[in-house]
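Hi,

Here is the structure I promised to pass on. Have a look at it first, and my notes follow underneath.

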Amino acid sequence: MQANKEEEEGGGGGEDTEVGIKKRRKMERRSEIKSAIEELSLMVKLKPVVTRARNGDEKDEPRDDAFHVPTRLFLSLCGVILEVLDKVGPTMAVLRLDVHQNVQRVESFKESDPSKYSNLAEMIKKETGEGNAKKGNSCSKAIVWLTRSLDLMVVLLQRLAKDPGQKMEQAVEESYNVTLKPWHGWISSAAFKIALQLLPETKTFINLLKTKDESYENFKEDTQTLISLISPVLEEIHCILKLYGLDRLKSK
């Protein structure tokens, strides 16, 4: 019975891994962006519940059970980040390793109870209740940094879709400044600065993201569709992080 439920929730294990995601997309011969659009389109978007205070006034204070972000979907989106970083090249090796390790932490936590942790919020709820969410290499901290990496990807795609003539270095740096930089320590920021000097040209990068015969206009349209779908998911995750006091975490 549990196995059937896990299958329904997308908790089959192997297909959530980075290798499984890459294999599936390669077989389907679609771009990472098109694959992400399809998976996001299948998601039921749930809104935070507005609760009532004892005096009867409505307050924007969602209950901790008001959120549902499918873990499988989250891991799939993180797989997109890894593939995008692969196409940027070895210059982003440090960020890629960090994303990969965080993905592994979330995957490992999920596999401890695939049915229960098919909802990303349940992982954070458990670790917060145990007092471990902000400690060591917690799954909650991994989710925080993966979410911020998704923020970076979305902002970068927005810039490239809006202005394909913008220099890649400028687009990445400006995207980094409003997403990851406020939470990075000086070591991480310095490493990112070095990486900026070795980025491919914008046209080369866009061509790597598109399928072989796809026009730029189609790429731009797909990018805008992806952003419109992923933004509510990220908003939901940020609400969860704020609810549990994880939204201001910084690296040392």
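In what follows, helices (H or I, at least four residues) and strands (E, at least two) are DSSP runs, numbered from the N terminus. Bear in mind that this is a predicted model. On that basis the chain has 11 helices and 2 strands, and along the sequence they run α-α-α-β-β-α-α-α-α-α-α-α-α.

Some overall numbers: the chain has 252 residues, and 48% of them count as buried. Among contacts with a separation of 6 or more, 71% are between residues 24 or more positions apart.

Now the largest pocket. Its volume is about 630 Å³, and 25 residues line it. Nearest the centre you'll find Asp98, Trp145, His184, Ser188 and Ser251. The lining breaks down into 12 nonpolar, 8 polar and 5 charged residues. H5 (93-111), H7 (139-162) and H9 (186-196) each put at least two residues into this lining, with H5 giving the most, at 6.

I also took a look at H8, residues 168-179. With 12 residues at 1.5 Å each, this helix should span 16 Å, and its end C-alpha atoms are indeed 16 Å apart, so the two agree. Which residues of H8 are buried? They are Met168, Ala171, Val172, Ser175, Tyr176 and Thr179. Viewed down the helix axis, the buried residues of H8 fall within an arc of 125 degrees, so they line one face of the helix. What do they pack against? The partners are H7, H9 and H10 (202-209). H7 and H9 are also among the helices that supply the pocket lining.

Cheers

Terms used: Residues are numbered from 1 along each chain as its sequence is written. This is a predicted model: local features need pLDDT of at least 70, side-chain atom pairs count only at pLDDT 80 or more; totals for chains, interfaces and linings use all residues. Side-chain values use heavy atoms; hydrogens and water are left out. On a 1 Å grid over the protein atoms alone, a cavity is a set of points where a 1.4 Å probe fits but cannot get out, and a pocket is an open set with protein on both sides within 12 Å along at least five of seven lines; lining residues have an atom within 4 Å of a point. Grid points are joined across faces, edges and corners, and a volume is the space filled by probe spheres set on the points. Ala, Val, Leu, Ile, Met, Phe, Trp, Tyr, Cys and Pro count as nonpolar, Asp, Glu, Lys and Arg as charged, and the others, Gly among them, as polar. The expected span of a helix is 1.5 Å times one less than its number of residues. Buried means under 20% relative accessible area, exposed over 50%, partly exposed in between (1.4 Å probe, protein chains only). The arc is that of the directions from the helix axis to the C-beta atoms. Contact means heavy atoms within 4.5 Å.
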